[in-house]
Amino acid sequence: MASPHVFQRASAVDMPVAVGGDGVFILTKDGRRVLDGCGGAAVSCLGHSDAMVVEAIKRQLDALPYAHTGFFTSEAAETLAAMLVERAPKGIGRAYFVSGGSEAAEAAIKLARQYFLEKGEPARSRIIARRQSYHGNTLGALAAGGNEWRRRQFAPLLTDAMSHIAPCHYWRWGEPGESAEDYGRRVADELETEIKRVGPETVAAFMAEPVVGATMGAVPAVPGYFKRIREICDHYGVLLILDEVMCGMGRTGHLFACEEDGVAPDMIMIAKGLGAGYQPIGALLVAEDIHQAIADGSGFFQHGHTYMGHPTAAAAGVAVLEAIEGRDLLANVQAMGARLRQGLEARFGQHPNVGDIRGRGLFLGLELVADRETKAPLPPEAKTHAKVKRAALARDLMVYPMGGTIDGVQGDHVMLAPPFIVTEEEVAMIIDRLAGALEEALPA
Ligand code: PMP
């Protein structure tokens, strides 16, 4: 089992030691084959033994492991930036490389701020985000996020230059008789109300996940929501930053989740699936006019980290993107996503404790409730999400459950995000093992 010297996040949990990977399985020191039903945290999109990505990393290490971006660019970073920009929504012209999602959020916040300084609008510094959102654990990203549980104990350290509006979760908060469209319009319009409340001249950006992952369990916005958000941002000169750290890089069956929402943001944050777990890498994709404003102004984005644009990480990113496209994995995400969803609906659609099954592509969530008719949540003290995680792991299945209070309502959900290479047989195994775990963990 684990050594006594690693500072584990959950100190009471004795972690199995992972020693190997085989496709969608992680192999442990004590001989188990654990089926990865959630890609860790929607990271491992190519599974755990992709020879092509490993080879690409080795080639880069042999040639040049690292060169500081204060002195050099690298072929790997140049290639990856070109590939991402070519495939990104209209207007995106640059990729700013970082090491993960939180760093992408910090870069986005600071770039939005500096952009308005360069444009001569110095009062614009506020970031508006949504309640129960998660944009990372560093202090700036945490301040932007609206997850009370994560924020609470660090509140004195968080800037109040951020504010939060309602999330978009029709199943939970749509009023009786209210259409999805009307609901989407109503909650999107909260952005306008908040901009007016704080003063349009003070707002720099709105930040949101197209499909909310960790905090809500794969909840997409209703159709039309982001179009309305884009309109409001345009009207008030506010930047739209989409956080696709979890839902991007093909997870929804499209390279960028926002393609399905039909909006072109000013910045897109990506990470997780970009390095697929083979290397730590993220990127902030930036509209060319934002980059141009800095280039025409001070000429220097006053931000950066030692490992930004790391050639070895960038080489992994290039190989991951080539694997996704060369093997037509987005088609598999769509096909296996549909199959997983059908399987979940067939198995749990009438389950008294499963209130909602939602998501896109291979990014799906189940909402666990005390009563599916009334949608009454499970009691928080039961910590059902934690029980599901334990019961699944005991059956050699990784799933990503979370619980927490959102707008006063407790929610327990289970998120599934298996690797894009998952097969029909493995999808069936996920459903079977999850059924066993839910039977053990749920009250009914
Ligand atoms: N944004 C979103 C939507 C995320 O899901 C996460 C990670 N769960 C982050 C940001 C932060 O990414 P990282 O853990 O790589 O810093």
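**Helix crossings, sheets and domains in a predicted model**

Modeller: In this predicted model, the axes of H4 and helix H11 (residues 288-296) come within 9 Å and cross at roughly 55°.

Colleague: Why are H4 and H11 called oblique to each other?

Modeller: Angles under 35 degrees count as roughly parallel and 65 to 115 as roughly perpendicular, with oblique covering the rest. The crossing of H4 and H11 is at roughly 55°, and the two helices are therefore oblique. Their crossing is left-handed.

Colleague: Which residues make the contact of H4 with H11?

Modeller: H4 contributes Leu111, Gln114, Tyr115 and Glu118, while H11 contributes Ile290, Ala293 and Ile294. By class, these residues divide into 5 nonpolar, 1 polar and 1 charged.

Colleague: What makes H8 roughly parallel to H9?

Modeller: The axes of helix H8 (residues 180-198) and helix H9 (residues 225-236) cross at roughly 20° and come within 8 Å. Since angles under 35 degrees count as roughly parallel, H8 is described as roughly parallel to H9. The crossing of H8 and H9 is right-handed.

Colleague: Which residues of H8 and H9 meet?

Modeller: On H8 they are Gly184, Arg185, Ala188, Leu191, Glu192 and Ile195, and on H9 they are Tyr225, Arg228, Ile229, Ile232 and Tyr236. The contact comprises 7 nonpolar, 1 polar and 3 charged residues.

Colleague: What is the strand order of the open sheet with 7 strands?

Modeller: The order is E4-E12-E11-E10-E7-E5-E6, and the pairing is mixed.

Colleague: Why do strand E4 (92-98) and strand E6 (162-165) stand at the edges?

Modeller: Each has a single partner strand, so one side of E4 and one side of E6 are left without a neighbour in the sheet. From one strand to the next, the twist averages 20°.

Colleague: How do you know that strand E10 (residues 239-243) and strand E11 (residues 267-270) pair?

Modeller: Pairing requires at least two bridges. E10 and E11 have 3 bridges, in the parallel sense, and the criterion is therefore met. In one of these bridges, leucine 242 has isoleucine 268 in E11 as its partner.

Colleague: Which strands does helix H3 (residues 75-87) touch, and which does helix H4 (residues 101-118) lie across?

Modeller: H3 packs on the sheet against E4 and strand E12 (282-287), and its direction makes about 135° with that of E4. H4 lies across E4, strand E5 (126-130), strand E7 (203-208), E10, E11 and E12, and runs at about 25° to E12.

Colleague: What makes strand E1 (18-22) and strand E16 (397-398) edge strands?

Modeller: The open sheet of 4 strands has the order E1-E2-E3-E16, with mixed pairing. E1 and E16 each pair on one side only.

Colleague: How do you know that strand E2 (residues 25-28) and strand E3 (residues 33-36) pair?

Modeller: They have 3 bridges in the antiparallel sense, and the requirement of at least two is therefore satisfied. The bridge partner of leucine 27 is arginine 33 in E3.

Colleague: How many residues from each domain take part in the contact between domain 1 and domain 2?

Modeller: The domain assignment gives domain 1 (18-49 + 328-441) and domain 2 (54-326), with C-alpha centres 25 Å apart. The contact takes 33 residues from domain 1 and 32 residues from domain 2. On the side of domain 1 that touches domain 2, H13 supplies the largest share, 5 residues. The residues of that side divide into 18 nonpolar, 10 polar and 5 charged.

How values were computed
Residues numbered from 1 in each chain as written. Predicted model: local features only at pLDDT ≥ 70, side-chain atom pairs only at ≥ 80, totals over all residues. Axes fitted to C-alpha atoms, helices over the stretch in contact; angles between N-to-C directions. Parallel < 35°, antiparallel > 145°, perpendicular 65-115°, else oblique. Left-handed = near helix turned anticlockwise from the far one by under 90°. Contact = placed C-beta atoms within 7 Å. Nonpolar A, V, L, I, M, F, W, Y, C, P; charged D, E, K, R; others polar. Domains from an automatic or database assignment.
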